[in-house]
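Please open the model in your viewer and keep the sequence panel beside it. The tour below moves from one selection to the next and says what is found at each stop.

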Amino acid sequence: MIYEINLRFVKAFLLEVRGKLILVDSGTKGNGNRILNAVTSLGKDSRRIEAVIYTHSHGDHIGSAGELKIPRNLIHENGLRYLTNGIGRKPVLHSTALKIGFALMSPFFNARLSPVFGAETLKEGEVFPGIQVIYTPGHTDDSITLYMEDEEALLVGDMLQGTKKGLRLPSIYEDFELLRKSVEKVKQFRVKKVYVSHGISGPPRWPF
Ligand SMILES: [Zn+2]
């Protein structure tokens, strides 16, 4: 099962795959208890959560990492230092409108976070039974996608955003060519649903 946990403008996810409880992402700073309470509301014992997997190191995905106090934390090696230093990666913005928007939201993105020590790095391949990591750089150089075989689903983080009409490319990215290549890579997986961190999760209606 994949459960979406709605935080302000971003989501975290609880995965229950082959008997294990795994969290994906942690929202912005200050959402630790909210996430754990959401897990309890789903009828699950939050003490059973074995690990948190981060899709990438932007502040709205690792913000509450240190508050959760989950035994294992996993991120791509290019994102490790953001968890250890307790600071979110700076988003690369391409328009004036975005720059103004982010300046207004700077308290969320520049906040000092509780650091996470001893995090482990994610490699491409199976990370837990039934959960496969696909390296999908472009939005950031530490972005990963999760493929869940049993659910026939992909969890793409910010590589794509979800709208009523389908999936679209994000307006924030570090390398547009890599982003497009990463989308091509995950399109090879036959799935029924694509989970996104921002917007509406739904069937795989790819942007190209
Ligand atoms: Zn992001």
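Between which strand and which helix is the loop that holds His58? Select His58 in this predicted model, and you will find it in the loop that lies between strand S4 and helix H2, the latter covering residues 59–62. His58 counts as buried, because 27 other C-beta atoms lie within 10 Å, where 20 or more are needed for that label. Now add Gly88, Arg89, Pro91, Thr140 and Asp158 to the selection, since these are the residues in contact with His58 once its neighbours within four places in sequence are left aside. Tyr82 may be added as well: it is 24 residues away from His58 along the chain, and the two C-alpha atoms are separated by 8.6 Å.

From the loop, step back to strand S4, residues 49–53, which pairs with S5 in the parallel sense over 3 bridges. If you select Ile53, its bridge partner in S5 is Leu74. Strand S5 itself takes in residues 72–76, and 4 of its 5 residues are buried, so the strand is largely enclosed by the rest of the structure.

Keep S5 selected and add strand S6, residues 120–122, which pairs with S5, also in the parallel sense and over 3 bridges. Here Leu74 appears again, this time standing opposite Glu120 in S6; Leu74 can thus be followed both to Ile53 and to Glu120.

The next selection is strand S7, residues 125–128, together with strand S8, residues 131–135; these two run antiparallel and are joined by 3 bridges. They form a hairpin with 2 residues between them, and in its turn Gly130 has a positive phi of about 85 degrees. To see one pair across the hairpin, select Phe128 and its bridge partner in S8, Ile131.

Strand S8 then leads on to strand S9, residues 144–148, which it meets in the antiparallel sense through 5 bridges. Ile134 and Thr145 make a useful pair to display here, as they stand opposite each other, with Thr145 in S9.

Finally, clear the selection and show the whole chain, which has 7 helices and 13 strands. Its C-alpha trace spans about 40 × 40 × 30 Å along the principal axes, and its radius of gyration of 16 Å agrees with the value near 17 Å that a compact globule of 208 residues would have. Of those 208 residues, 40% count as buried. Among contacts between residues at least 6 apart in sequence, 63% join residues at least 24 apart.

Conventions
Residues are numbered from 1 along each chain as its sequence is written. This is a predicted model: local features need pLDDT of at least 70, side-chain atom pairs count only at pLDDT 80 or more; totals for chains, interfaces and linings use all residues. Helices (H or I, at least four residues) and strands (E, at least two) are DSSP runs, numbered from the N terminus. The radius of gyration is taken over C-alpha atoms; the globule rule is 2.2 Å times the number of residues to the power 0.38. A residue is buried if 20 or more other C-beta atoms lie within 10 Å of its own, exposed if 12 or fewer, and partly exposed in between; C-beta atoms are placed from the backbone. Two residues are in contact if their C-beta atoms, placed from the backbone, lie within 7 Å. Two strands pair if DSSP finds at least two bridges between them.
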